[in-house]
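User: I'm a first-year student and I'd like a close look at how one set of strands is put together and what lies around it. Could you walk me through it slowly?

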Amino acid sequence: MAEGGARSAPPVLSVRNLSVTFTGSGRDVPAVRDISFDVHAGEVLGIVGESGSGKSVTSLAITGLLPPTARVSGTLRVGEVDVTTADAETLRHMRGREVGMIFQDPTTTLNPVLPIGRQVIEGQVSHGFVTQAEAPARAAALLREVDIPDPATRIGQYPHQFSGGMRQRAVIAMAMAGEKRLIIADEPTTALDVTVQAQVLAVLAKRQAETGAAVILITHDLGVVAETADRVAVMYGGRIVETGTVREIFAAPRHPYTVGLLQSLPRLDVVADRLVPIPGQPPTPARLPPGCAFRPRCPIGRDRPLCAAEDPALRADAGRATACHFPDEIPTLLGAPMPPRAAATPKPATTTAPPPLLEVENLQVHFPIRTGLLRRQTGSVRAVDGVSLSVRPGETLGLVGESGCGKTTTGRAIMGLIRATGGSIRFGGDEVTTMDPAALRRTRRNMQYIFQDPYASLNPIKTVGDIVAEPLRIHGLFDDAGGMKRVAELFELVGLSPTMLGRYPAEFSGGQKQRIGIARALALAPKLLILDEPVAALDVSIQAQVVNLLQDLQKELGLAYLFIAHDLSVVRHICNRVAVMYLGRIVEQADRDTLYEQPAHPYTQSLLSAVPVPDPARRGHTGRIVLQGDIPSPAKPPSGCPFHPRCFRAEARCSTEIPAFRDLPTQPTRAACHFAAPRLPEQAA
Amino acid sequence: MSAPARTAWHRARITAGRVLSRPAAAISVTYLAITIFVSLTAQWILPIDPLYQELSATLEPPGAQFWFGADELGRDIFARVIYGARTSLLTAAGAVVIAASIGVPMGLVAGYFGGWRDAVLMRIVDVLLALPGILFAMALIAVLGRSQAAALVAVGITGIPSFARITRAQVLSLRQRDFVLAVEALGGSASYNMFRTVLPNAWSPILVQVVILSSVAILLEAALAFLGVGIPPPTPSWGEMLRTGKSYLYEAPTYAVLPGLALTLTILSLDTLGRVLANVLEDRREIAEDEPAAAPVQVKP
């Protein structure tokens with residue numbers, strides 16, 4: 001790396017020609033193929049890639065934690081230790097002194113039966129850096145460094161007494177204890193909500209600046225990379241296909257895969273009419289295509305014999321490196337720059353507003369909490385506590401919120417999968433909550449649900465053809481609808497080949513499974529689809545394919561969507577109107593552009609400001625509001641406005657009086673806040 | 001609906017292949033297969049008769065006419081052991097059918113609906129569990145009289161709780177899975193969902209229980225016969241032979257040893273098969289080929 005060469009100090013981590021091959025399954029599976037990179041003190045290297053690209057295997061190789069079935073070749077030096085040849089004891093010392101790991105899920109990283117303080121300092125004590133006597137004080141100091149309040153009390157608590165964000169901060173404290181020189185963070189914020197992610201990234205950056213550690217940040221989230229990394233390595237099919245500084249990668253990518261990733265990303269700051277997906281799907285390490293692994297999906301190399309025959313080497317070129325035979329043609333892919341915001345507004349044709357298809361009023365879903373021997377109800381979890389919304393034919397309403405806010409429960413209650421405890425749900429003018437089972441079944445034909453996890457929502461022992469035919473069979477319409485011919489039509493509608501009807505779900509990739517789920521939902525020709533995080537479990541390049549499919553289907557079939565999501569960028573791309581949920585209530589609702597450009601509720605404002613923007617040029621924009629604390633439990637919502645403990649505008653009145661959900665006089669927005677108003681110019685970015 | 005049949009067939013073939021690849025299981029299956037085959041076809045393939053009494057040959061030692069000797073009534077011990085397998089297998093099969101056909105639906109309903117149905121059904125199961133198996137069987141036989149059917153029903157009823165509990169546990173974990181909710185969202189009725197979605201995904205531990213209960217049933221039938229309340233004579237039964245044979249241990253050692261050996265090997269084989277089957281089915285590797293489809297997605301321009 002050219003940048004590395006300019007430095008005088010040796011790199012903290014030096015990887016040369018690393019290959020990792022798994023041999024356990026009878027044939028060799030190359031997970032990582034011949035990668036080389038350096039990481040220096042004080043810098044953040046972002047490794048970006050989709051599932052199966054080899055990024056996590058790389059991090060395990062660096063720490064020497066690969067299973068015995070892995071065959072490693074090449075050299076891997078952490079400081080003075082050569083990881084590939086070192087014995088177990090040396091590796092243990094290296095992990096204790098030099099390398100800290102931060103994993104994706106803080107819930108499983110921490111041992112639930114040991115106090116946090118002991119876990120944070122355990123490594124230091126066992127390596128003899130800290131004595132037993134001074135351990136509690138050191139542990140408290142470490143927690144203080146990651147902004148955990150009241151650390152002296154907190155060190156005696158157990159992981160379940162910490163919230164998700166605090167747990168991940170404790171893991172950071174543990175990983176960085178003892179001035180480690182190398183920190184490997186493997187998807188450190190993927191399991192966290194966006195406002196908590198902002199807190200954790202801020203702590204990580206702060207601690208890195210204080211310790212001068214080298215950080216490897218492994219992630220699929222280009223926004224996080226743009227905000228935190230100095231240099232970026234893009235991995236595909238087990239190889240590094242492009243490296244460069246973060247600004248270069250985002251401004252002028254030199255590999256078609258990087259271009260594809262950037263174009264397929266829905267963005268908060270740019271509204272495109274349509275996403276440009278990468279066709280096909282990432283290869284699995286067991287079945288890499290010959291030649292360049294990206295060729296089957298590449299707009300440049302798809303038909304070229306050179307690309308099919310020869311895997312291009314990673315060639316350095318003016319301080320950056322790309323593994324492409326035709327890097328000079330990349331700029332043609334970039335095409336016209338993305339249109340500025342508000343270029344396209346997919347407004348429904350609403351000359352005269354049609355009556356709403358779905359009307360929800362004051363919906364409540366309370367789950368009883370029973371305690372004691374007699375199972376007496378001692379309280380209730382107010383999962384949904386007074387939600388009102390409406391969806392008109394042919395439009396998309398986005399329902400946005402962080403985990404635990406009740407958005408999925410709302411969707412399932414509307415679908416009748418969970419019994420509503422209060423309020424009314426009208427579909428096409430008919431009240432759903434009081435329907436008898438037969439009428440409910442008839443109504444469900446017009447209303448369908450798409451699940452978040454395509455892996456879990458298809459019956460594993462049925463063929464996909466039978467899965468898509470199932471709704472027709474259940475309603476006795478299979479023959480009337482045209483039998484398997486209709487099923488084949490549905491397959492084509494969602495972009496799948498009808499030749500695959502006889503296969504089982506396990507044979508399909510995530511994106512294909514989600515298409516099958518969509519085909520099943522469309523079988524009964526519904527008017528409304530409730531989409532519960534339909535793209536959250538998919539890789540970025542596949543997300544764009546499914547989002548485009550949903551938009552096409554809406555246009556073609558005039559469907560209405562209730563789009564439940566936590567990803568504000570996707571929602572901005574696909575929705576006409578947006579409702580923001582917090583702790584079982586809707587706090588703000590407006591048409592898309594009003595909500596994104598003039599958010600009025602302080603929660604919406606902080607939510608929007610916390611989303612990492614995949615544009616390093618905008619790094620350090622001053623408008624971020626980092627919320628304190630975490631979402632309270634819906635079993636014990638705060639008094640008054642449920643948001644007031646975390647709110648930057650809260651006054652005495654907010655803790656006693658619940659704000660009404662009302663129209664704002666100044667803009668076409670409904671909000672539930674005593675002080676609803678757009679952000680002041682000096683607060684905004 | 002040919003596709004689901006193919007699924008079941010496909011999965012069964014793969015599971016069978018994995019079971020048979022373990023030597024202990026392969027030996028057990030071979031032994032059980034021979035036992036079943038010989039006991040069912042004995043009257044055509046073997047020149048022996050378990051009921052014919054050669055009164056001049058009582059307690060005769062093994063020889064050309066009686067390979068393993070004769071009993072106190074001059075009957076062929078070998079023939080009685082072979083035909084005794086029929087009694088054991090019939091009891092096992094009948095008991096399993098009774099236990100599964102009552103226990104599985106109970107567990108299915110209890111687990112799927114929960115609430116009061118669950119409470120009522122599981123209390124019934126608790127009551128059944130509180131009855132000691134062999135005493136309950138003896139009491140039932142005292143009422144119904146000694147017969148093959150009574151033994152079979154008695155053993156079957158004591159097997160109901162295990163099927164109900166195992167099925168319920170499976171259903172509880174499947175009930176909240178997305179693909180079960182998906183069928184509910186499509187408008188599928190509860191019975192459709194229970195029998196077409198949940199049950200086909202819950203069969204593995206039930207299958208293991210079938211094997212385990214077979215072995216329990218064979219033992220229980222033998223125990224009842226040994227106590228003199230099993231199948232009435234002259235129908236041959238291993239337990240009955242053990243009971244009588246123990247009086248002639250010195251005169252005709254094969255009389256008790258041969259049925260004991262048959263019983264031991266059968267139970268051992270069934271338990272080995274059950275254990276291996278449980279291991280194989282627990283292995284959560286996808287039965288279907290685990291690679292994504294090669295056919296590419298057609299992307300709309």
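**A small antiparallel sheet and its surroundings**

Analyst: Let's start where strand β4 (residues 70-78) of chain A meets β5(A): the two run antiparallel and are joined by two bridges. Keep in mind as we go that this is a predicted model. To find the pairing by eye, look for A:R77, which stands opposite A:D82 in β5(A).

Now step back to the whole sheet. It is open and has four strands of chain A, in the order β2-β1-β4-β5, with antiparallel pairing. At its edges stand β2 (29-39) and β5 (81-82) of chain A; each has a single partner strand, so one side of each has no neighbour in the sheet. A helix also packs here: α2 (residues 55-63) of chain A touches β1 (13-22), β2 and β4 of chain A, and its direction makes about 65° with that of β2(A).

Follow that helix and you reach another sheet. α2(A) also lies across β3, β6, β7 (182-186), β8 (214-219) and β9 of chain A, and runs at about 150° to β7(A). These strands belong to an open sheet of eight strands in chain A, ordered β6-β7-β8-β3-β9-β10-β12-β11, whose pairing is mixed. Its edge strands are β6 (99-102) and β11 (315-317) of chain A, and each of them pairs on one side only. Ignoring direction, neighbouring strands in this sheet are turned by 20° against each other on average.

As background, strands of a sheet pair through backbone hydrogen bonds, either parallel or antiparallel. A parallel example is the pair formed by strand β3 (residues 44-48) and strand β9 (residues 231-236) of chain A, with four bridges between them. Here A:G46 stands opposite A:V232 in β9(A). Another helix, α8 (residues 164-176) of chain A, lies across β6 and β7 of chain A and runs at about 165° to β6(A).

One residue number inside that helix range is worth following: A:A170. Together with A:F563, A:A170 has the most contacts inside the largest nonpolar core, which has 262 residues. Helix α3 (residues 77-113) of chain B gives this core its largest share, 19 residues. Leaving out residues up to four places away in sequence, A:A170 touches A:L110, A:I116, A:V120, A:L143, A:I148 and A:F162. In soluble globular proteins, nonpolar side chains tend to be buried together.

Here is a helix you can check with simple arithmetic. Helix α9 (residues 194-211) of chain A has 18 residues, so at 1.5 Å a residue it should span 26 Å, and its end C-alpha atoms are indeed 26 Å apart. Its buried residues include A:V194, A:V200, A:L204 and A:R207. Just after α9(A) comes A:G212, with a positive phi near 70°.

Finally, how far can you trust the picture? The mean pLDDT of chain A is 83, and 94% of its residues score at least 70. Among its elements, strand β15 (residues 396-400) has the highest mean, 93, and helix α1 (residues 2-5) the lowest, 42. The pLDDT is below 50 over residues 1-6 of chain A, a stretch with 10 contacts in the model beyond near neighbours in sequence. Residues 336-346 of chain A are also below 50, and that stretch has 14 such contacts. Where pLDDT is low, the predicted coordinates should not be read in detail.

Definitions and conventions:
Residues are numbered from 1 along each chain as its sequence is written. Chains are lettered from A and ligands numbered from 1 in the order in which they are written. This is a predicted model: local features need pLDDT of at least 70, side-chain atom pairs count only at pLDDT 80 or more; totals for chains, interfaces and linings use all residues. The expected span of a helix is 1.5 Å times one less than its number of residues. A residue is buried if 20 or more other C-beta atoms lie within 10 Å of its own, exposed if 12 or fewer, and partly exposed in between; C-beta atoms are placed from the backbone. pLDDT is the predictor's confidence in each residue, from 0 to 100. Two residues are in contact if their C-beta atoms, placed from the backbone, lie within 7 Å. Two strands pair if DSSP finds at least two bridges between them. Axes are lines fitted to C-alpha atoms, for helices over the stretch in contact, and angles run from 0 to 180 degrees between N-to-C directions. A nonpolar core is a set of buried Ala, Val, Leu, Ile, Met, Phe, Trp, Tyr and Cys residues joined through C-beta atoms within 7 Å.
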